[in-house]
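This report concerns the contact between two domains of one protein. The sequence and the structure are shown first.

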Amino acid sequence: MKPVHVLAFDADDTLWHSEDHFHATELAYYELLAPHVAPGFDIKGTLTNTQRINLPTYGYGVKAFSLSMVEAAISMTDGKVPSEILTRLIDMGRELLLAPVRLLNDVPETLSVVAEQYRLVLITKGDLMHQSRKIELSGLKNFFEHVEIVQEKDIATYARIFNNLDIDSREVCMIGNSVKSDIVPILELGGHAVHIPYPVLWELEKTEHPMPSKRFGELSTIVDLPAWLHDL
């Protein structure tokens, strides 16, 4: 009897590109602020620390990121940041919200294959409105019997979701790009997890990898997922 009956997928940077948009915006942010701070000032570190402090209040997503960009800009310039810079930061946030959804390679084809043998659910965290928009635009919604948009991905959240869906967490395999959010909590619940790294990882998602085990896999691309599941 196969050990996995349910596949839970992350969305951002697992099914479609996301972090590269944020990364490009951050690079533009550094260029905008550089002329307004002392030479050698750690703009990146200040922005990251501001996001870390604001996380319990603002949560995840573009809107939280945009607020932190503005707050950090005001802080690092002692309130002297020009109004046109603040206007540009707001525009950058809006551009992120309206960015097109670009699927990663082989995603629809792979979902179609695994949907023949497994129940599929989608679990993503972030801003409700923005995540909902991306899910609709992706064209992937119909692959999933359930979609959950959460504020945090931790053991308690996953346990609640699986309990509500009458799913045994030990029969779940989570697929995602973040070891911290997608892999470790599921392994702690006794499930399986597959890590598919994305080229860019947000600083606040970095953590140590779990020890190798039968329940943990690491793939370079989603197209290898059916074969990995077959070998369980």
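## The interface of domain 1 and domain 2

Across the interface of domain 1 and domain 2, the rule finds two salt bridges, a salt bridge being a side-chain nitrogen of Lys or Arg within 4 Å of a carboxyl oxygen of Asp or Glu. The side chains of aspartate 127 and lysine 63 form a salt bridge, with N to O at 3.5 Å. Eight residue pairs, both at pLDDT 80 or more, are in polar contact between the domains (a pair of N or O atoms within 3.5 Å; within protein, one must be able to donate a hydrogen and the other to accept it, and residues adjacent in sequence count only if both atoms are side-chain atoms).

The model is predicted: local features need pLDDT of at least 70, side-chain atom pairs count only at pLDDT 80 or more, and totals for chains, interfaces and linings use all residues. Residues are numbered from 1 along each chain as its sequence is written, and side-chain values use heavy atoms, without hydrogens and water.

The domain bounds, taken from an automatic or database domain assignment, and the residues in contact (heavy atoms within 4.5 Å) are as follows.

| Domain | Residues of the domain | Residues in contact |
|---|---|---|
| Domain 1 | 4-15 + 101-229 | 20 residues |
| Domain 2 | 17-96 | 15 residues |

The C-alpha centres of the two domains lie 28 Å apart. Between them an area of about 1600 Å² is buried, 55% of it from carbon and sulfur atoms; buried area is the accessible area (1.4 Å probe) that two parts lose on being put together, summed over both. Arg102, Trp202 and Leu204 supply 37% of the area that domain 1 buries against domain 2, more than any other three residues.
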